[in-house]
Every structure is written in C-alpha cells, then in structure tokens.
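User: Please take a close look at a single strand of this protein and describe its surroundings. I would like to follow how it is placed and what it pairs with.

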Amino acid sequence: MIRRMISFFALAIALAGLTPVSVSAADAGTVLVTGANRGIGLEFARQYAAKGYKVIATARKPAEATELNALAKADPDITVEALDVSDLAAIDALAAKYKGTAVDILINNAGITGFPEKQRFGTIDYASFDDVMNTNVRGPLKMTEAFTEHLVASKQKKVLVMTSSEGSIAGATSNRQPFYRSSKAAVNMVMKNISYPLKDKGIAVALINPGPVDTDMMAGARGRMPLRTTELAVRELSTIMETLTLDKTATFFNFDGTTMPW
Ligand SMILES: NC(=O)c1ccc[n+]([C@@H]2O[C@H](COP(=O)([O-])OP(=O)(O)OC[C@H]3O[C@@H](n4cnc5c(N)ncnc54)[C@H](OP(=O)(O)O)[C@@H]3O)[C@@H](O)[C@H]2O)c1
C-alpha cells in the first residue's frame, strides 16, 4: 500500500514536470567515453548523463574542456578524467584508478583523420600515419583490453567502437584519406578478432558508422553535404547499443541499424 502511494506521488511529481522521468543512476549503470570534450563524444556524455548514467568522460586536455567541465559542474554523475588514448601507460593508470568499478558501456569514440597533406602517395609522412593508427586502432584495442574486467563486472557488458563507412574496403573506389580509411578498416578487424574472447566473457561489441555528423571533424564538408546533428546521431547510436546482444557482436552497423559491407 505504502509502496503504491510512493509510486503514485513519484508519477504525479514527474507529470507535473518537477523531475525528469528517468531511471535512477544505480539502475542505469556507468558509461566511459573517450574524447568526450567535443563533437560526438561530448554529446554521448550529455545524453547518457541525462538518462541517469554515471559518466566517466575523458579528454586529452581537461583544463580546456570548457563545455564538458560545465556539464560536469551541473551534474555530479559526470567525472572528467585526463586521457590520451595513444598513451598506453595512461590507459593502464586510468583502468587501475577505476579498479573495482563496473563499466557497463565503454565508448571508444576518440579519433583523428590525420592531415590530408601528410597522406599523399609519393610524399607520405609515416610518423603521421603512426599517430592515426595509434589513436584509432591501438587506442580502442588497449582501452578494451584494460577495461575488460570492469566490463565483466557490469550488468550490460557492451563496447562501442566509433568506426566509419570510410573503413569499408568494399566502398573504397578512389584514393582518399588512406591513413583514416585504413585505421577504421583495421579497428574493425582488430575488434572482430577480440570479440571472440570477449564473447566468452559475455561482452558484446558494436562497430558503428555514425554517418556524416556536424562536428569539427566534418567542418570541411559543411554546406557540401547534409550533416546530421550530434544530438540525433547519438540518439541513433544509443538505440543500437540498447538492442545490442551477444549474438550480434562484432557487427559493422550503419547508424540506422542496418549492416555495412566490410
Ligand atoms: N563526424 C563524423 O561525421 C564522423 C563520421 C564517421 C566516423 N566518425 C568517428 O566518430 C568519432 C568522433 O568523431 P567527431 O566527429 O566527434 O570528431 P571531433 O569533433 O574531431 O572530436 C574528436 C575527439 O577525439 C579526441 N581525440 C583525438 N585524438 C585523441 C587522443 N589521442 N586521445 C584522446 N582523445 C583524442 C579529440 O580530443 P581533442 O579535442 O583533444 O583533439 C576530440 O574529443 C571519431 O572516432 C570519428 O572517426 C565521425
């Protein structure tokens, strides 16, 4: 009877607009997002926090992460951590700091395209190629390896890798952004490989192409092609994560939930 009365009052308050209707933080779980200071990563932090998740939001330079810091100031469930995903020791240190904390969803979002002038065949800058591979391939691999036990300890046990249609070999019909394209093809392959031992531990992986989204990364495309908002893109990607099950692990998803060709 008392429980029914509490539910009634909670519903009445929610309907009156006094409190957002969302699951409690304890029920929702914990999300870790890399590259959360801008673009799609920032929006992931915003939306998961709004849904009641605890968010570990990483940024290379937290002191400069103005928007993320403002979000964290307004919501104690967001914790900002410094992390460069190309720094293996830093990843280990973060995993050690959160030892014993369950991470329900690991979002490997941080990524770079590399400078176009460094990837021209004939004058390729190999150090720049290493930067792209270290960030886009080694980063998600090491993050997933370092946080496996945190994922195992969670309820949801899910990993999202922000890949790209540019990583589809079937779709490569010209020489464009070879560093970026090969890094996304490689991250697909490395995650497909480790999805097998992860599946044995109950962890599911989604490789998702967010499609063209209006962020700094796509600044050059503004006005030349339709770009979706980060708000819409993250809603779409989160829907895929909600319906992700172990039997779909290592699927290369498009943002609309369909399957992309490798
Ligand atoms: N936008 C699109 O249309 C699109 C399409 C396909 C795939 N994607 C993928 O989606 C992801 C997010 O892209 P976005 O559009 O949001 O890009 P963005 O606006 O350029 O943001 C990239 C984020 O990654 C961070 N980052 C870069 N290198 C890092 C490193 N070594 N360690 C930690 N963080 C690092 C950046 O931090 P700093 O601020 O410190 O640089 C920034 O927070 C990327 O993996 C990208 O490849 C995007």
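Analyst: The following account concerns strand E6 and its two partner strands, with a short note on the ligand. The model is a predicted one.

Strand E6 comprises residues 204–209, and 6 of its 6 residues are buried, so that the strand is mostly covered. Its side chains divide between two directions: Ala204, Ala206 and Ile208 point one way, while Val205, Leu207 and Asn209 point the other way. Residues of both groups are buried.

One partner of E6 is strand E5 (residues 158–162), which runs parallel to E6 and is joined to it by 5 bridges. Within this pairing, Lys158 has Ala204 of E6 as its bridge partner. Between the two strands the chain passes through helix H8 (residues 178–200), and the resulting β-α-β crossover from E5 to E6 is right-handed.

Another partner is strand E7 (residues 251–254), which pairs with E6 in the parallel sense over 4 bridges. Here Ile208 is matched with Phe253 of E7 as its bridge partner. Helix H9 (residues 230–243) forms a β-α-β unit together with E6 and E7, and this unit is left-handed. E6 thus takes part in a right-handed crossover with E5 and in a left-handed unit with E7.

As to the ligand, 28 residues surround it, and the closest are Gly35, Gly39, Ala110, Gly111 and Thr215. Helix H3 (residues 39–50) contributes the most to this shell, with 3 residues. By character, the shell consists of 11 nonpolar, 12 polar and 5 charged residues.

Notes
Residues numbered from 1 in each chain as written. Predicted model: local features only at pLDDT ≥ 70, side-chain atom pairs only at ≥ 80, totals over all residues. Buried ≥ 20, exposed ≤ 12 C-beta atoms within 10 Å, placed from the backbone. Pairing = 2+ DSSP bridges. Right-handed = clockwise from strand over helix to strand, strands pointing away. Near = placed C-beta within 6 Å. Nonpolar A, V, L, I, M, F, W, Y, C, P; charged D, E, K, R; others polar.
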